Amino acid sequence: MSPRSASVNEELRRRSKERLLQAAVELVGERGFEATTLGDIADRAGSARGLVSYYFPGKRQLVQSAVHRLMHRTLEEALEREPRAEDGPERMARAIDAVLGLARDHPVLMRQHMAGLLQAEGFVPCPEQRRLAELLRDTVARHGSRDVDHDYPKLRALLMGAVYAALVPGAPMPVPVLRAELFEHYGLDWELGVPPGTGASGGTGGTDLSRFFATGTAPECGPPVQSK
């Protein structure tokens, strides 16, 4: 049997990693962090268990990467959905609604994510988190910030605080109340974004997350590699 080309091997590795990310958000959303093992994630993804440690140092890192993927793709989808909006206030409203929508639609997953951020290691740097940061920084810039380096961390902190407040067990704050406070802070009209009660999702698109994880089908091996 002819060996696969380097490009095919790279594509197979990418899709294997995508399946692990998708399996992580699904299982943690269903069971919680502690009740989900790396073996469970590998089994759901249809991957060998050794591949998990090949791609990720541990479960916490895998789950953070998976949730940051969900967050950045949800935010990206909300910002770019039709009709597209270039003006700053509309994009800021969409960003707020997308993040609050994640807390509303995926409470177990987002609660576990927030708990993980409070652990000793805090944020685990990864490409997914950097993409999320880039989208939020762009949102702040388009909203008219004169100092993005100062205003981006403030937006991030306000969004994290709102998600935490929405998910406190036994004493959650209603998402519309949190939305109103954020909209007031940023001077946004209530009708911007996706106001509560309109029936729209705010960019989260319900519970089917597969579109955020580009696994597809395995590529063909292609023609045999000719030896020289």
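This passage walks through the fold, the core, one helix and the main pocket of a predicted model.

Starting with the overall layout, the protein is built from nine helices and has zero strands. Read from the N terminus, the order of elements is simply α-α-α-α-α-α-α-α-α. Of its 228 residues, 45% count as buried. Contacts reach a long way along the chain, too: taking those between residues at least 6 apart in sequence, 69% join residues at least 24 apart.

Next comes the core. Nonpolar side chains tend to be buried together in soluble globular proteins. Here, the largest nonpolar core takes in 59 residues, and Leu-75 and Ile-96 are the ones with the most contacts inside it. Leaving aside residues up to four places away in sequence, Leu-75 touches Ala-95, Ala-98, Leu-132, Leu-135 and Leu-136. Three of these partners, Leu-132, Leu-135 and Leu-136, turn up again among the buried residues of helix 7.

Helix 7 covers residues 127–142, and its length checks out. At 1.5 Å a residue, its 16 residues should span 22 Å, and the C-alpha atoms at its ends sit 23 Å apart, so the two values agree. The buried set in this helix is made up of Glu-128, Gln-129, Leu-132, Ala-133, Leu-135, Leu-136, Thr-139 and Val-140. These residues fall on the same side of helix 7, because they cover an arc of only 160 degrees around the axis. After the helix comes Gly-144, which has a positive phi, near 110 degrees.

A backbone detail also shows up elsewhere, in the loop between helix 4 (59–80) and helix 5 (88–105), where Pro-83 is found. The peptide bond leading from Glu-82 into Pro-83 is cis, and its omega is near -10 degrees.

Finally, there is the question of open space. Rolling a probe the size of a water molecule over the atoms shows where empty space is left. The largest pocket holds about 270 Å³. Its lining is made by 18 residues, and those nearest the centre are Lys-17, Leu-21, Phe-56, Pro-127 and Glu-128. Helix 1 (6–31), helix 4 and helix 7 are the elements that give two or more residues to this lining. Of the contributors, helix 1 supplies the largest share, with six residues. Helix 7 therefore has a part in both stories: its buried residues lie on the same side of the helix, and it also helps line the largest pocket. Glu-128 is a case in point, as it is buried in helix 7 and is one of the residues nearest the pocket centre.

How values were computed: Residues numbered from 1 in each chain as written. Predicted model: local features only at pLDDT ≥ 70, side-chain atom pairs only at ≥ 80, totals over all residues. Heavy atoms only, no water. Helix = DSSP H or I, 4+ residues; strand = E, 2+ residues; numbered from the N terminus. Core = buried A, V, L, I, M, F, W, Y, C linked by side-chain atoms within 4.5 Å. Buried < 20%, exposed > 50% of the residue type's maximum accessible area, 1.4 Å probe, protein only. Contact = heavy atoms within 4.5 Å. Expected span 1.5 Å × (residues − 1). Arc of directions from axis to C-beta. 1 Å grid on protein atoms, 1.4 Å probe; cavity = no way out; pocket = protein on both sides within 12 Å on 5 of 7 lines; lining within 4 Å. Points joined across faces, edges and corners; volume = space filled by probe spheres on them.
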